[in-house]
Amino acid sequence: MLFSYNAFKRIPFYSALILFAVSWGATALSVDNALDSARRRLAENYELSQLRSMTPQQIMEQLTEEECAAFANEHIRFQINCPAKVYVLYDSRFEEKGPFEAFWLKDHAFERTDVQVSSDGDYFVGYARDFDAGAVGLGINSFSGNYLHYFIAVQPLRKEDTLTISGIYPQSIRTAAFQKGVRPYTHPEWQPIDSYSPALEGATLLQVDARWRRTTKLLDFFAETDYPASPRPDNIILTWSSDPRYTQSILWRTSEESRQGAVAYMKKKDYRHFTPGAPVIKEAQSLRHESIHLLNQPVIYTHTATLTDLEPDTSYVYAVGDGSSDGWSALNEFTTAPDKEAPFSFIYMGDVQVGYPRWRSLLERAWQDQPNARFYMLAGDNVNRGVDRNEWDAFFAHTTGVFDHRVVVPALGNHEYIGGDPTLFEDFFVLPENGPENIAPEHCFSFEYSNALFVIVDTNLLPEEYVGWLDETLGQSHAVWKFVMMHHPLYSSGINRDNVWLRDTLLPVFDRHHVDMVLQGHDHAYLRTGPMRDNQKAERPADGTYYVVSVSGTKLYKLADRPYADVAYEHLSTYQVIDLQLNPPRLVYRSFDVDGNMKDEVIIEK
Ligand SMILES: [Fe+2]
């Protein structure tokens, strides 16, 4: 029963919270700081098994007054210019299935109303309270991260008032008139509101970021890494952060016993001499990472070195070291890009996300069957929860022997954002910083390799944020072949999925610059279109753009019947090899399963 949460009732300081709420201001603890202090205290005082069995009540009992006040008031704030009723529209499943964690609603005297909103089969219940003109502070969605995040409606109490909402925090919240067809969340991937109670007619909607539901987790938050780092370098990967002809970036990790690192490298042909000369030593930049939730190894160091002034089309051998004379890794190698048009091939894979050992088999199959592929492109959702270092530990552990020999080019999927900002993605890959100026570096970037352009975009962002840059980047390139890699597909394969918002914005750009192939993920079922132009099948392959959705991990979705599909499969993980030939220019695209069986093939002649 709602609000019969005894543990909450018997904690005496809640009555003081309302007073505290009224006086919140510059000195209040932020939700981020409250989470940090609460998580540290829990990690220090309890074993993993105890933390995993804690109920919301037990979690609440561990919190200080200041932390509770932050969780109750500081999640969302805004100012209203007139008296108004504020509706917090909560996912109804919180009531049906378990303890209601939004303790602050009661303490702020919010009352459950009959007001309901539905959106795409999800139902939201209105909790309402009248506010005078001035400050409104709202609390967290939950400690569990379950279900959808609430959104907000504000209705002036007097008909003659014109409501103005200002000082909104976080600033990414958007306001809109509450009506059918408007989305409750800021990202256009979300479905719109399809019905609502009459009381909300004329109200102002505050659209929130749906991802915030998982940013305040204290329940089921702690874990251990199955792949702890040691003082010796491991999880070594190659990326590009600059021109592939002349530079090579190398990343690895160690435990906190090794806080510095270096790369030793030389040309492979020099190393083959009977008495090879001394290698070049390049010092790495070392960065401390703390993941409070990993009880068995909260701290690791990552080390990054970008080798410059390399010779094009040249193989090098390298080792990474922990700073001690005998602390070098085994010898690996890389090859720089050619500085003239040359044939080459590369691998593209869709979502990894879950099932790393099985994915490793597919990766090994690609590595063994396509030894000449020069780099590997991953279309996002490389891990399941982007904020969890233990997932990245496991992911990288399964790339050993491949990504330390071949460059990996990753895109950001929605799962890289799960739990918070994708800072681990940003830190664990060093990528070109040539994207749009208005967004964080490494989210969108491009590079050229031989006669091909590769543009990688982060479709978690609003398309308006990068479409201008994408248009310009595709337009300025003189490459023969143009590829775009992005996570959310323009042409979906999964059931109930259709990213119209993405197609509306990007399709004209891809058509205008005749992108040859768009490499995508997200839907976990294989689909390849024929050549598409103007949202219709083009007559000749050379006239249109091919769109591919593929999956490489073990999470597989059912396939929808799509008129634009040329080839489609469900329950199939694949890797793709794209072979770019010269004289005449020819693209040979092939898709293979884990056993090496060819599942799809396309040949495009320019
Ligand atoms: Fe996804």
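E442 counts as buried, with a relative accessibility of 8%, because the cut-off for that label is under 20%. This is a predicted model, so the 8% for E442 is a value computed from predicted coordinates. The backbone at E442 deserves a look too: its phi is near 75°, a positive value in a residue other than glycine. As for its setting, E442 sits in the loop between α12 (423-428) and β22 (445-449).

D220 also has a positive phi, near 50°, and is likewise a residue other than glycine. Is D220 buried or exposed? D220 counts as exposed, because its relative accessibility is 58% and the exposed label applies over 50%. You will find D220 in the loop between β10 (204-207) and β11 (234-239).

Now for the peptide bonds. Most residues other than glycine have a negative phi, and most peptide bonds are trans. Two cis bonds are worth picking out here, one from Y169 to P170 and another joining N583 and P584. The table lists them with their omega values and the loops that hold the prolines.

| Cis peptide bond | Omega | Loop holding the proline |
|---|---|---|
| Y169 to P170 | near -10° | P170: between β7 (165-169) and β8 (174-177) |
| N583 to P584 | about 0° | P584: between β31 (575-581) and β32 (586-592) |

If you are setting up a view of the backbone, the places to visit are the loop of P170 between β7 and β8, the loop of P584 between β31 and β32, and the loops that hold D220 and E442.

Terms used
Residues are numbered from 1 along each chain as its sequence is written. This is a predicted model: local features need pLDDT of at least 70, side-chain atom pairs count only at pLDDT 80 or more; totals for chains, interfaces and linings use all residues. Side-chain values use heavy atoms; hydrogens and water are left out. Helices (H or I, at least four residues) and strands (E, at least two) are DSSP runs, numbered from the N terminus. Buried means under 20% relative accessible area, exposed over 50%, partly exposed in between (1.4 Å probe, protein chains only).
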